[in-house]
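Hi everyone, thanks for coming. Let me walk you through a structure that may be new to you, and we'll look at its aromatic rings and then its cysteines.

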Amino acid sequence: YKDDYETWIEYGLQSVHDKTLKKINRGHDFDCFLKVYDMTKSKGINVCVHVILGLWETHDEMMQTAKLLAKLGVDGVKLHMLCAVKGTKLAEMYEHGEVGFMSENEYVSTVCDFLEYLPENTKIHRITGNGYKDDLIAPRWLGKKFNTLNKIDKEFTKELKNKLNISQNDYKLFSGKFIMTGSGGEKKEFNKFTGNLLYEGEYLNGKRNGKGKEFYDYNKIRYE
């Protein structure tokens with residue numbers, strides 16, 4: 001089957017830290033994930049790994065997850081923000097003041113830092129989700145998905161400008177990639193950052209592309 005079709009298997013790792021996996025009742029440890037990951041890759045199947053940010057880990061601990069996934073060279077990653085929905089133990093804990101959640105700005109910054117560690121051939125399948133609005137308890141900002149996507153886009157742009165010392169007008173989006181124009185017409189490749197967000201039917205750099213169906217496509221930044 002995999003020889004005729006592009007085939008992926010997705011694993012809900014969520015974190016590389018066993019203490020976190022135990023706390024959220026995943027029912028497996030990191031070594032268990034590594035075993036099934038190696039088995040899957042030995043069959044030539046693409047693997048997408050799910051990660052939840054905001055699992056009451058420090059920033060360094062979340063970045064350790066990014067670094068280990070980068071070391072493994074995983075084919076794809078889906079990032080999620082921890083949230084509480086109706087009818088769950090987590091919602092009950094939140095309502096009793098036992099747990100808290102990341103602010104939107106904290107999440108945006110963490111996502112950008114996380115993605116910097118991933119190799120350029122790792123596909124980013126998702127960078128946030130919003131759950132079902134009717135069931136969402138917290139954080140409420142998660143219900144405005146495209147607002148969060150736009151903030152992530154702006155944060156990447158700001159970091160890129162700071163790194164390369166360029167102005168807002170020195171870049172444009174073309175065919176899903178940042179096409180960078182150096183002041184001297186030079187061509188450069190910048191591998192540590194991820195390109196602009198593309199999401200059809202939503203505003204992108206102040207313009208609407210009008211295709212109506214959302215999607216996400218990260219491309220590495222290049223000067224051309």
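Before we start, one term: I'll call a residue buried when its relative accessible area is under 20%, and exposed when that value is over 50%, with partly exposed in between. Please also keep in mind that this is a predicted model.

So, the aromatic rings. How many aromatic pairs does a search of the whole structure find? There are five. Let's begin with F30 and F33, whose rings are stacked, with 5.9 Å from centre to centre and 15 degrees between the planes. Both residues sit in helix α2, which covers residues 30-42. They are three residues apart there, or about one turn of the helix. And are F30 and F33 buried or exposed? Both of them are buried.

These two also have company: ring pairs join F30 and F33 with Y11 and Y37 in a cluster.

Now for another pair, Y94 and F101. Their ring centres are 5.4 Å apart and the planes meet at 50 degrees, so this pair counts as tilted. Here the two partners have separate labels: Y94 is partly exposed, at 34% relative accessible area, while F101 comes out at 19% and is buried, because the cut-off is under 20%.

Last, the cysteines. A disulfide is a covalent bond between the sulfur atoms of two cysteines. How many disulfides does the count give here? Zero, going by sulfur atoms within 2.5 Å of each other. As for individual cysteines, C48 is buried, with a relative accessible area of 0%, and C83 is partly exposed at 24%.

That's my tour, thanks for listening!

Terms used
Residues are numbered from 1 along each chain as its sequence is written. This is a predicted model: local features need pLDDT of at least 70, side-chain atom pairs count only at pLDDT 80 or more; totals for chains, interfaces and linings use all residues. Side-chain values use heavy atoms; hydrogens and water are left out. Buried means under 20% relative accessible area, exposed over 50%, partly exposed in between (1.4 Å probe, protein chains only). Rings of Phe, Tyr and Trp (its six-membered ring) pair if their centres lie within 6.5 Å; planes under 30 degrees apart count as stacked, over 60 as edge-to-face and the rest as tilted. Helices (H or I, at least four residues) and strands (E, at least two) are DSSP runs, numbered from the N terminus.
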